[in-house]
Amino acid sequence: MKCLVLGAAAGGGFPQWNCACPGCTRARSGDPAARPRTQVSVAATEDGAHWLLIGASPDLRQQILQTPALFPSEGARHSPIAAVVLLSADVDGIAGLLVLREQQPLRIYAPAPILAILGQNQIFSALDSRIVERIELAPNTPVAAVPGLTLTLLPMPGKIPLYQENRNSVLAEPGATYAARLDAGGRCAIVAPACAEYSETVQQSLALANVLLFDGTLFTDDEMIAWHVGEKTGRRMGHMPVSGAEGSLAKLSAHAGRCIYLHINNTNPILLDDSPQRAEVDSAGVEVAYDGMEIDV
Ligand SMILES: [Zn+2]
């Protein structure tokens with residue numbers, strides 16, 4: 001199985017259009033140690049001809065144009081992208097579907113709560129249901145998503161999309177966010193862009209992964225407040241921090257397989273190749289994803 005990181009950044013990308021935090025400023029200036037990254041998406045294949053997209057990033061058009069493996073190669077209209085799985089209904093997880101609207105046959109896999117949100121939003125009928133099939137996936141139930149590759153949705157602790165929040169409903173709800181488990185030829189990769197807590201259940205779900213792509217949104221829980229670019233903690237946004245005794249780095253450094261951070265917010269100093277925080281992640285044996293990263297699982 002091969003995985004390609006199409007986009008490694010969290011919502012907003014790196015740099016974010018309206019952000020002047022130190023990292024975004026360096027990325028915007030062309031600093032080679034602050035490589036720009038698009039919003040999160042991963043592509044996976046077993047046969048090299050049929051690809052599964054994990055997440056539909058708002059940057060999907062740009063990501064496809066940067067990835068020759070995803071170019072049309074058969075006849076006048078064609079795409080190697082055979083299917084998409086949606087892990088959350090956040091803007092950075094579904095908006096890219098609109099890029100895939102040009103009368104191209106495709107399967108969309110998603111759990112019922114995310115399909116319901118697509119169904120409530122008329123704009124997604126731009127993907128003609130006669131040729132773009134929407135397939136409901138039950139959690140923990142494997143499906144043959146593309147030739148040679150089995151997909152399983154793993155429920156993760158997280159929260160509903162920001163645009164669905166109201167005063168009565170804020171934090172963790174079941175069915176809000178998922179990881180994608182991919183199995184092929186006895187090898188396993190798990191893509192988990194959002195995880196609010198590394199619980200016992202999460203640890204058991206992730207333990208078998210030969211390659212784990214995990215939520216690296218913020219380095220410290222109050223990072224966005226500290227940079228004056230937001231009022232919310234990471235946990236309030238449904239993401240556990242990288243650092244600290246209860247952070248993800250301590251958990252991932254004990255994981256047997258290869259671990260790679262993705263869904264990295266532009267305020268997170270691990271995006272900067274020369275930061276002490278990046279050195280800390282490096283020395284724990286955990287990698288930091290970048291756009292175009294190729295992973296042989
Ligand atoms: Zn920024």
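Guide: Let's start with a word we will need. A residue is called buried under 20% relative accessible area and exposed over 50%, with partly exposed in between. Keep in mind that this is a predicted model.

Visitor: Thanks! How do I use that on Pro147: what does Pro147 count as, by its relative accessibility?

Guide: Take the percentage and see where it falls. Pro147 has 40% relative accessibility, so Pro147 counts as partly exposed.

Visitor: Where in the chain does Pro147 lie, and which residues does Pro147 touch, not counting residues up to four places away in sequence?

Guide: Pro147 belongs to the loop between strand E7 (143-146) and strand E8 (149-156). Leaving out residues up to four places away in sequence, Pro147 touches Glu46, Asp47 and His50.

Visitor: How do I read a distance between two places in the chain, such as the C-alpha atoms of Pro147 and Ala112?

Guide: Put the sequence gap beside the gap in space. Pro147 and Ala112 are 35 residues apart along the chain, and 24 Å separates their C-alpha atoms. Now try another pair: Ala89 and Ala116 are 27 residues apart in sequence, with 9.7 Å from C-alpha to C-alpha. Ala89 sits in the loop between strand E4 (81-85) and helix H3 (91-94). With 2% relative accessibility, Ala89 counts as buried.

Visitor: Let's turn to the metal. Which residues coordinate the zinc ion?

Guide: For a metal site, look up the donor atoms. Here they are the SG atoms of Cys19, Cys21 and Cys24, together with OD1 of Asn266, at 2.2 to 2.3 Å. Along the chain, these donors follow the spacing C-x1-C-x2-C-x241-N.

Visitor: What is the geometry of the site of the zinc ion?

Guide: The angles among the donors tell us. Four donors count as tetrahedral if all angles lie between 85 and 135 degrees. The four donor atoms of the zinc ion make angles of 98 to 117°, and the site is tetrahedral.

Visitor: Are those three cysteines, Cys19, Cys21 and Cys24, buried or exposed?

Guide: Use the rule we began with. Cys19 has 6% relative accessibility, so Cys19 counts as buried. Cys21 is buried too, with a relative accessible area of 4%, and Cys24 is buried at 0%.

Visitor: How many disulfides does a search of the whole structure find?

Guide: The search of the whole structure finds zero disulfides.

Visitor: And what should I look for around aromatic rings?

Guide: Look for rings that pair with each other, and for charges over a ring face. A search of the whole structure finds one aromatic pair. As for charges, Arg35 lies over the face of Tyr290, at 4.6 Å from the ring centre.

Visitor: What about the backbone: which peptide bond joins Phe14 and Pro15?

Guide: Here is the general background: most residues other than glycine have a negative phi, and most peptide bonds are trans. Phe14 and Pro15 are joined by a cis peptide bond, with omega about 0°. Pro15 has its place in the loop between strand E1 (2-7) and helix H1 (22-28).

Visitor: And what is phi for Asn140 and for His263?

Guide: Asn140 has a positive phi, near 60°. His263 also has a positive phi, near 55°. Asn140 is in the loop between strand E6 (132-136) and E7, and is exposed with a relative accessible area of 51%. His263 lies in the loop between strand E12 (258-262) and helix H8 (276-283), and is buried, with a relative accessible area of 8%.

Technical notes:
Residues are numbered from 1 along each chain as its sequence is written. This is a predicted model: local features need pLDDT of at least 70, side-chain atom pairs count only at pLDDT 80 or more; totals for chains, interfaces and linings use all residues. Side-chain values use heavy atoms; hydrogens and water are left out. Donors are N, O and S atoms within 2.8 Å of the metal (3.2 Å for Na, K and Ca); water is not among the atoms, so sites may look incomplete. Four donors count as tetrahedral if all angles lie between 85 and 135 degrees; four count as square planar and six as octahedral if opposite donors are over 155 degrees apart and all others between 65 and 115; anything else is irregular. Buried means under 20% relative accessible area, exposed over 50%, partly exposed in between (1.4 Å probe, protein chains only). A disulfide is a pair of cysteine sulfur atoms within 2.5 Å. Rings of Phe, Tyr and Trp (its six-membered ring) pair if their centres lie within 6.5 Å; planes under 30 degrees apart count as stacked, over 60 as edge-to-face and the rest as tilted. A charge sits over a ring if NZ of Lys or CZ of Arg is within 6 Å of the ring centre and within 35 degrees of the ring normal. Helices (H or I, at least four residues) and strands (E, at least two) are DSSP runs, numbered from the N terminus. Contact means heavy atoms within 4.5 Å.
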